[in-house]
Amino acid sequence: MYRRARKKFDEEGDNHDRWLISYADFITLLFAFFVVMYALSSVNEAKYRVFKDALGNAFGLRQGPSPIMIEAPPTLTLPNPALKRRGEALRREKEHMRRLAQDLLSTLAPLVKEGKVRVTQNSRGVSVEINASVLFDPGAAKLTSRSSEALRAVAVLLKDDPHAVQVEGHTDKQPIKNLQFASNWELSAVRASAVVRLFIDNGVAPERLTAVGHGANLPVASNDEAEGRARNRRVAITILSGLPDTVTEVPTGLPNEAK
């Protein structure tokens with residue numbers, strides 16, 4: 001009888017439905033996992049609260065209120081007013097210099113077509129290179145009547161322009177041989193001064209003008225040939241840009257005459 005009772009107890013203790021406990025735990029964890037995935041897909045206050053409550057219910061946790069982490073909105077980078085103003089100033093300056101270069105080209109069109117004048121817009125501003133033969137007789141620094149007419153037309157354009165103007169005289173390397181000038185330094189400087197003087201006489205403010213003599217130090221061509229020496233003998237009139245960041249090259253005719 002003892003053995004029969006023990007066998008009955010063992011059969012009753014073997015519970016075949018205990019897999020339901022593991023299954024329920026698995027379902028609970030799976031539910032919690034999807035709640036977490038849903039909550040993390042877009043962090044905001046409502047979903048964070050759902051996530052917190054779901055975890056508490058799934059694991060039987062009872063906690064007090066916890067701070068909610070809300071992502072701060074992205075910082076918007078506002079345009080720098082100073083940079084915007086500088087950009088506008090650059091644009092206006094570039095456009096002004098472009099119009100000035102076009103006006104100079106129109107004014108000096110006959111000489112440009114002859115290859116005796118070149119107008120360029122570059123990082124310094126607008127430059128007008130005039131072959132020395134257009135302005136002066138060989139070895140002289142007095143402006144010819146033809147050159148005076150052309151330069152007066154340039155002075156009309158520059159009279160009301162606010163930019164500084166630099167006039168530079170250039171020669172070739174051949175030594176000058178006359179009693180008036182001891183070297184090419186003096187010749188180039190006096191020629192630049194003659195152009196400045198004409199501009200002043202035609203209404204350009206003196207404080208805007210500078211005369212520079214370079215002699216033969218800044219050649220644009222080789223001095224070994226007559227053609228190169230002719231290109232080097234020139235006067236350059238540069239309207240200096242107030243904002244030298246405007247760099248645009250607009251080449252035209254190239255001076256090519258004798259001194």
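Here is a short chat about charged pairs and a nonpolar core in a predicted model.

Visitor: What kind of model is this, and from which number are residues counted along each chain?

Guide: The model is predicted: local features need pLDDT of at least 70, side-chain atom pairs count only at pLDDT 80 or more, and totals for chains, interfaces and linings use all residues. Side-chain values use heavy atoms, with hydrogens and water left out, and residues are numbered along each chain as its sequence is written, from 1.

Visitor: How many salt bridges are there?

Guide: Side chains of opposite charge can pair when their charged atoms come close. Here a salt bridge is a side-chain nitrogen of Lys or Arg within 4 Å of a carboxyl oxygen of Asp or Glu. By this rule the count is eight.

Visitor: Glutamate 168 and arginine 124 meet in a salt bridge, so which of the two counts as buried?

Guide: Buried means under 20% relative accessible area, exposed over 50%, and partly exposed in between (1.4 Å probe, protein chains only). Arginine 124 has 37% relative accessibility, so this residue is partly exposed. At 8%, the buried one is glutamate 168.

Visitor: How many residues apart are arginine 234 and glutamate 129?

Guide: Their side chains meet in a salt bridge at 3.9 Å, N to O. The pair links distant parts of the chain, with arginine 234 in strand S5 (residues 234–240) and glutamate 129 in strand S2. Helices (H or I, at least four residues) and strands (E, at least two) are DSSP runs, numbered from the N terminus. In sequence, the two partners are apart by 105 residues.

Visitor: Aspartate 172 pairs with arginine 233; what is the relative accessibility of aspartate 172?

Guide: The closest N and O atoms of this salt bridge are 2.3 Å apart. Aspartate 172 is in the loop between S3 and helix H8 (184–201) and arginine 233 in the loop between helix H9 (226–232) and S5, so the pair ties together parts 61 residues apart in sequence. Arginine 233 is buried at 7%. Aspartate 172 is buried too, and its value is 0%.

Visitor: Which helix gives the most to the largest nonpolar core?

Guide: A nonpolar core is a set of buried Ala, Val, Leu, Ile, Met, Phe, Trp, Tyr and Cys residues joined through side-chain atoms within 4.5 Å. The largest has 35 residues, and Val167 is among those that touch the most other members. With six residues, the top contributor to this core is H8.
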